[in-house]
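Me: I'd like a close look at one part of this model, the contact between two of its chains. Could you walk me through it and then carry on to whatever else is worth a look?

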Amino acid sequence: MGEITLPKNRITTLYPLTKCAFSLLIVLVAITTFNIYGKLAILAAINLLAALSGVWQLFNQRLFKSVGILIVLITLLQTFFYPGHDVLFALGRFTATREGLTFALKLGLNLANIGGAIIWLFTVTTEKDFVLALEKQGMSAKASYVVLSTLQMVPVLKKQSQLIMKAQSARGVETEGNVFVRAKAFVPTLIPLVLSSIQGTEERALTLEARGFSLDRPKTYYYDIHPEPRDKMLVTATGILAVAYVIGKVVYWLWV
Amino acid sequence: MVMGLIDLKNVTYTYPLADEPSIKDFTYSFEQGKFYAILGANESGKTTLCNIIRGFIPDFFQGELTGEVLFNQEPLSHYTLSELAPYMGYVFQNPFNQITGARDNVFEEIAYGLENLGVAKGDIEKQVKDIMEMTNIMSLADKNPFELSGGQQQRVAFASILALSPDIFIIDEPTSQLDPQESERIFDIIHQLKNAGKTIILVEHKIELISEYADEVLVLEEGRLICSGKKHDVLSDISLKERQIDLPETTLLADALRKAGYNIPEKLITKEEMKAALMAHIKGVSQ
Amino acid sequence: MTQTNSQMKKTKNTETFSMMVILLIPIAIAINVVGAQLTSLLKLPVDLDMIGVILVGALAGPIPAALAGLLTNLVNGVLDPTWLPYIPVAMCIGIAAGLLAKYNMMNTFWKICVSGLVIAIVATVTATPVTVFAFGGITGGASSVFITGLMASGKKIVESVLSVYIFTETIGKLISVLVAYLIIRVIPTRTVTKYKYGMNYISKN
């Protein structure tokens with residue numbers, strides 16, 4: 001997340017909420033498009049957007065890691081196990097059906113499209129910027145603290161858990177073997193980790209008070225971002241497009 | 001009784017679910033611009049006392065507090081914890097717990113308190129830079145505070161409070177994870193703060209540094225104030241040794257010399273003073 | 001100002017979002033993430049990724065726990081959007097755990113078992129439709145192997161998912177509640193009592 005430096009271009013430097021509006025529009029179109037070619041077109045559009053943002057490769061890596069493998073799995077399994085009659089081919093006692101394949105492809109493309117829209121958003125937007133934009137939009141400072149410190153705590157605790165795991169296995173706690181043996185390693189790894197971090201909450205709570213966390217007065221944002229005129233324009237345009245799309249879709253349904 | 005900056009009158013405090021009070025009938029007046037050192041064995045109530053002075057007790061820790069705690073002659077309970085932030089800085093023992101988690105680089109971590117106070121951006125920039133230079137952490141500016149060593153985190157925590165420029169500094173063992181050189185630097189900064197008119201209340205085990213820099217010393221034992229006053233009066237009191245209080249080398253040496261029959265002046269506590277006394281003695285002998 | 005302040009201070013522990021709760025939530029989310037990581041590292045066949053949410057519920061009640069659930073899935077969802085459809089599930093687990101804590105259902109062994117069962121039922125009922133409609137039954141998670149097996153034997157998707165979830169969720173949530181309880185028992189008393197329902201876990205002797 002933080003380690004990768006974003007390329008600075010006309011898309012990545014947009015205000016987070018502008019990019020969020022794009023992403024939401026894509027999700028809207030994705031969940032209301034039922035035609036398989038339509039879905040493919042959306043996937044192509046997201047890829048084009050990722051390419052224009054200069055993050056095509058990273059985007060696809062992330063897409064593959066999160067939903068890619070799942071899509072492959074779904075396609076394989078549903079093709080064989082989804083109820084259907086139109087047999088494509090048989091493998092032993094299992095038969096691949098056209099219904100299954102179509103179901104799998106539609107489902108897979110949905111996952112790729114909706115997942116893709118979100119992954120694109122957070123590939124071109126840092127979480128820090130996103131949270132800051134939400135805070136400036138009126139989200140409470142407490143809520144934004146919770147999110148920001150979560151983003152910091154997760155890697156810290158992950159790292160500590162790996163250290164504890166190593167120490168445990170060095171001390172002879174089994175982390176391999178049958179399921180009960182492995183399950184027994186779970187608690188002694190998790191508990192010390194949690195304990196040390198929860199014990200620290202008192203001091204951290206007071207640390208925050210000592211830095212004026214609960215003060216009810218306008219704050220300064222040392223690191224700051226601002227929407228520019230083009231952001232306003234783009235969000236408005238996206239909004240109009242979304243409304244037009246919904247109206248068009250409804251009219252189309254009523255007519256056809 | 002003279003009214004000070006912070007006055008505690010007959011303060012007794014018991015933690016929730018505790019059987020016995022942690023601070024017993026404590027009365028003291030802390031004056032503006034002085035450097036107070038608090039000594040005592042483990043569990044003698046040093047940190048509890050600091051928490052009372054900062055208002056964390058009883059507000060956050062609950063429990064039962066009797067007696068009066070006044071800040072500028074006004075009850076401390078009139079302020080919320082955050083409202084006191086610009087007046088009273090507090091540096092805790094554990095460095096890791098003092099990383100707020102709100103910011104992902106050291107510069108912004110130090111700026112965080114000033115942001116909450118609504119200080120103008122340009123002033124924040126200057127203030128944070130000055131403080132980072134003072135505490136020798138300029139090179140850490142872009143690092144993630146969670147990825148620092150304990151000693152580095154300790155300096156960042158101290159810098160974060162310095163940045164707020166409060167009138168009173170309550171500091172609980174700020175050098176526990178620092179090497180002698182860095183500890184000396186922290187004490188040097190504390191000394192500068194005192195010279196700038198700040199009030200310092202410090203819990204610290206490094207007795208030699210205290211004998212050199214502090215003005216007054218308070219000694220706690222099982223929650224009671226057993227001894228207090230000018231550092232030369234307190235730290236030269238050899239009877240404190242029996243009560244498990246660390247005393248400066250000079251005090252111990254002076255005591256040993258006196259017992260051996262040498263005529264050593266009273267109330268020596270620093271190495272410099274001992275050196276001067278010994279030089280005078282040797283001169284006297286050679287004449 | 002003086003009056004209201006001192007009154008506010010008196011009620012601090014029972015505030016829904018006290019400082020202690022605000023600081024607990026990030027840790028709880030990290031516990032969820034580490035729990036998920038550990039289950040996959042130790043190749044355990046149940047999901048133990050809601051321990052933190054249950055912990056928040058047990059200590060601070062339903063609303064903070066629901067928030068912890070929401071944020072867990074959002075934070076994970078940024079990199080892996082398959083977490084996002086399960087947001088209502090995580091929130092319901094949090095609400096259930098919080099309500100159980102409110103009625104003091106988490107401090108003895110048999111109560112923990114009942115709580116585990118209740119949370120398992122809530123999780124199964126809410127997760128099944130998500131798994132069926134958003135993923136057609138296969139999520140790639142630990143339970144997918146069994147679900148696929150049942151589907152292969154000719155069972156309907158809903159049926160397969162439901163029958164597997166009842167089983168895996170019961171075990172998973174029983175363990176999760178138990179671990180959350182063990183965590184509470186090792187946290188120092190003075191810290192535990194700073195949470196709304198903390199006193200429930202202090203043995204009076």
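Reply: Here is a walk through the contact of chain A with chain C, followed by the core and a few local details.

Please keep in mind that this is a predicted model. The contact between the two chains takes 51 residues from chain A and 42 residues from chain C. On the side of chain A that touches chain C, the elements giving two or more residues are α3 (56-81), α4 (98-124), α6 (141-170), α7 and α8 (201-210) of chain A. Helix α7(A) provides the largest share of that side, with 15 residues. Sorted by class, the side of chain A that touches chain C holds 33 nonpolar, eleven polar and seven charged residues.

Since α7(A) gives the largest share, let's zoom in on that helix. Two packed helices are described by the angle between their axes and the distance between the axes. Helix α7 (residues 179-199) of chain A meets helix α8 (residues 157-186) of chain C, with axes that come within 10 Å and cross at roughly 45°. The pair α7(A) and α8(C) is therefore oblique, and the crossing is right-handed. From α7(A), the residues in this contact are A:Val187, A:Leu190, A:Ile191, A:Val194 and A:Leu195, and they meet C:Val179, C:Leu182, C:Ile183 and C:Val186 of α8(C). By class, the contact of α7(A) with α8(C) has nine nonpolar residues, no polar ones and no charged ones.

Next comes the core. The largest nonpolar core has 220 residues, and among these C:Ile25, C:Ile54 and C:Ile93 touch the most other members. Helix α2 (residues 19-41) of chain C supplies the largest share of this core, 15 residues. If you would like to trace one of these residues, try C:Ile93: setting aside neighbours within four places in sequence, C:Ile93 is in contact with C:Met50, C:Val53, C:Ile54, C:Gly69, C:Ile119, C:Val122 and C:Ala123.

Chain B offers another helix pair to set beside the one above. Helix α9 (residues 249-259) of chain B packs against helix α10 (residues 271-286) of chain B at an angle of about 30°, with the axes 8 Å apart. That angle makes α9(B) roughly parallel to α10(B). The crossing of α9(B) with α10(B) is left-handed. Here B:Thr250, B:Leu253 and B:Ala254 of α9(B) meet B:Lys271, B:Glu273 and B:Met274 of α10(B). The contact of α9(B) with α10(B) divides into three nonpolar residues, one polar and two charged.

Finally, the backbone. Most residues other than glycine have a negative phi, and most peptide bonds are trans. Against that background, the bond joining B:Ile57 and B:Pro58 is a cis peptide bond, with omega about 5°. B:Pro58 lies in helix α2 (residues 56-59) of chain B. B:Asp25 is a residue other than glycine with a positive phi, near 45°. B:Asp25 sits in strand β2 (residues 23-30) of chain B and counts as partly exposed, with 14 C-beta neighbours inside 10 Å. In chain C, phi of C:Asn104 is also positive, near 55°. C:Asn104 is in the loop between α5 (87-102) and α6 (109-135) of chain C, and with 13 other C-beta atoms within 10 Å it is partly exposed.

Technical notes:
Residues numbered from 1 in each chain as written. Chains lettered and ligands numbered in written order. Predicted model: local features only at pLDDT ≥ 70, side-chain atom pairs only at ≥ 80, totals over all residues. Axes fitted to C-alpha atoms, helices over the stretch in contact; angles between N-to-C directions. Helix = DSSP H or I, 4+ residues; strand = E, 2+ residues; numbered from the N terminus. Parallel < 35°, antiparallel > 145°, perpendicular 65-115°, else oblique. Left-handed = near helix turned anticlockwise from the far one by under 90°. Contact = placed C-beta atoms within 7 Å. Nonpolar A, V, L, I, M, F, W, Y, C, P; charged D, E, K, R; others polar. Core = buried A, V, L, I, M, F, W, Y, C linked by C-beta atoms within 7 Å. Buried ≥ 20, exposed ≤ 12 C-beta atoms within 10 Å, placed from the backbone.
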